[in-house]
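Biologist: Please take one part of this model and go through it slowly with me, explaining each term as it comes up, and then set that part within the rest of the chain.

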Amino acid sequence: GNFSATSQLTFKAADWFRGSVYTCQVTHEKELKSQNISRSPDDSSCGELKITILPPPVEQELMEVTVTLTCVVSDAPYGIEISWNREKEHLESEIQPTEDGDIVESKVNISTRDWLSGIYFECVASHSNMPTPKT
């Protein structure tokens with residue numbers, strides 16, 4: 001008769017986009033079969049990013065002249081770029097990888113007055129494999 005087996009491997013998207021190679025090996029009746037899989041160099045797909053902007057803690061709003069906004073990008077491919085805009089004006093910020101390689105954070109410090117006045121801030125994620133940036 002016929003027999004089939006399935007195996008599933010879970011790995012970080014960042015590893016896939018870096019071009020890591022994964023090998024499946026099967027041994028049957030002392031015969032070893034191997035199959036390698038990796039991202040194709042011309043694969044221009046990026047997974048669907050999820051962008052979340054975290055507001056500053058209330059205590060910071062009440063007690064400090066600056067507050068920190070945090071942009072969290074989930075399912076981020078390796079090499080993702082994140083920028084911040086204030087009313088379409090570029091702001092300086094830094095990207096900080098997290099312990100989960102698929103999540104990247106960027107923080108920006110702004111004046112508490114701007115935050116409380118309702119000025120529009122946006123976080124923009126872009127990547128060479130994305131047709132358009134995502135906000």
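Modeller: Two strands are said to pair if DSSP finds at least two bridges between them, and the strands themselves are DSSP runs (E, at least two residues), just as helices are runs of H or I with at least four residues, all numbered from the N terminus. What you see is a predicted model, in which local features need pLDDT of at least 70 and side-chain atom pairs count only at pLDDT 80 or more, while totals for chains, interfaces and linings use all residues. Residues are numbered from 1 along each chain as its sequence is written, and side-chain values use heavy atoms, with hydrogens and water left out.

The part I would choose is strand 5, which covers residues 81–86. Strand 5 pairs with strand 9, residues 121–126, in the antiparallel sense over six bridges, and in this pairing Glu81 of strand 5 stands opposite Ser126 of strand 9. Strand 5 also pairs with strand 6, again in the antiparallel sense, over three bridges, and here Arg86 has Glu89 of strand 6 as its bridge partner. In general, strands of a sheet pair through backbone hydrogen bonds, either parallel or antiparallel.

Now consider the turns at the two ends of this strand. Most residues other than glycine have a negative phi. In the hairpin of strand 5 and strand 6, which has two residues between the strands, Glu87 takes a positive phi near 50 degrees. Lys88 lies in the loop between strand 5 and strand 6 (89–91), and its phi is also positive, near 75 degrees. Lys88 is exposed, with a relative accessible area of 64%, where exposed means over 50%, buried means under 20% and partly exposed lies in between, using a 1.4 Å probe and protein chains only. Ahead of strand 5, Asp75 is found in the loop between strand 4 (66–74) and strand 5; its phi is positive as well, near 55 degrees, and Asp75 is partly exposed, with a relative accessible area of 41%.

Strand 4, on the other side of that loop, leads to another sheet. This is an open sheet of four strands in the order 3-4-8-7, with antiparallel pairing. Its edge strands are strand 3 (50–54) and strand 7 (94–97), each of which pairs on one side only. Strand 7 pairs with strand 8, residues 104–111, over four bridges in the antiparallel sense, with Gln96 standing opposite Glu105 of strand 8.

Within strand 4 sits Thr68, which is buried, with a relative accessible area of 19%. The side chains of Thr68 and Asn109 are joined by a polar contact of 2.6 Å; such a contact is a pair of N or O atoms within 3.5 Å, where within protein one must be able to donate a hydrogen and the other to accept it, and residues adjacent in sequence count only if both atoms are side-chain atoms. Leaving aside residues up to four places away in sequence, Thr68 touches several others, among them Leu54, Pro56 and Val108, where contact means heavy atoms within 4.5 Å.

For the whole picture, the protein has three helices and nine strands, running α-β-β-β-α-β-β-β-β-β-α-β from the N terminus on. Of its 135 residues, 28% count as buried.
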